[in-house]
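Visitor: Could you take me through one part of this model up close? I'd like to know what sits around it.

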Amino acid sequence: MATPSLAVDASLAIPETEIVERFVRASGAGGQNVNKVSSAVELRFDVAGSPSLPEPLRARLLARRDRRLTDEGVLVIDAQRFRTQERNRADARERLADFIRAGLAVPKTRVATKPTYGSRLRRLDEKKGRAQLKRGRSQRNWE
């Protein structure tokens, strides 16, 4: 029997053993239920140490400036949108999959180009016009 896993896309799946979930009490309003039931989910996934992520994908995910990533490379997702633990758990897993999917897209490399002759002329004309405007402001013969 295969181990259960979180499917990110057709070629990538995260095993359950790499996902750590902790159930805590949700913050905010909720009446009597909020003080008794641990419905919020704190999901942790070690991006830096995960053997199931390819190296280029891991590097792209760690390079993102995401406040949910700790200094050790652990992604922490808090889910408390819903009232039930099961829906919050599914929400946290979907957000983890979305985070990883966002790193799957390889950004295109920028091809360096030179500015056109016309754009250079327009830039210089703009600079001359700006200088003329400023020069006109500083003249002191007001009489």
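Guide: One cut-off first: a salt bridge here is a side-chain nitrogen of Lys or Arg within 4 Å of a carboxyl oxygen of Asp or Glu. Keep in mind that this is a predicted model.

Let's look at Glu 18, which sits in the loop between β2 (12-15) and β3 (19-24). Glu 18 is buried, yet it has no salt bridge. The nearest side chain of opposite charge belongs to Arg 58, and that is 7.1 Å away. With the limit set at 4 Å, Arg 58 at 7.1 Å doesn't count.

So what does the Glu 18 side chain touch? Two serines turn up as polar partners: the side chain of Ser 50 at 2.4 Å and that of Ser 52 at 3.1 Å. Leaving aside neighbours within four places in sequence, the contacts of Glu 18 are Arg 44, Phe 45, Asp 46, Ser 50, Pro 51 and Ser 52.

Now step back into β2, the strand before that loop. In a regular strand the side chains alternate between the two faces of the sheet. You can see this in β2: Leu 12 and Ile 14 point to one face and are buried, while Ala 13 and Pro 15 point to the other and are not. β2 runs antiparallel to β1 (residues 5-9), with four bridges joining them, and Ile 14 is the bridge partner of Leu 6. Just two residues lie between the two strands of this hairpin.

Both β1 and β2 are also among the elements covering the buried residues of α3; Leu 96, Phe 99 and Ile 100 are among those buried residues.

Notes: Residues are numbered from 1 along each chain as its sequence is written. This is a predicted model: local features need pLDDT of at least 70, side-chain atom pairs count only at pLDDT 80 or more; totals for chains, interfaces and linings use all residues. Side-chain values use heavy atoms; hydrogens and water are left out. Buried means under 20% relative accessible area, exposed over 50%, partly exposed in between (1.4 Å probe, protein chains only). Lys and Arg count as positive and Asp and Glu as negative; His and the chain ends are not counted. A polar contact is a pair of N or O atoms within 3.5 Å; within protein, one must be able to donate a hydrogen and the other to accept it, and residues adjacent in sequence count only if both atoms are side-chain atoms. Contact means heavy atoms within 4.5 Å. Two strands pair if DSSP finds at least two bridges between them.
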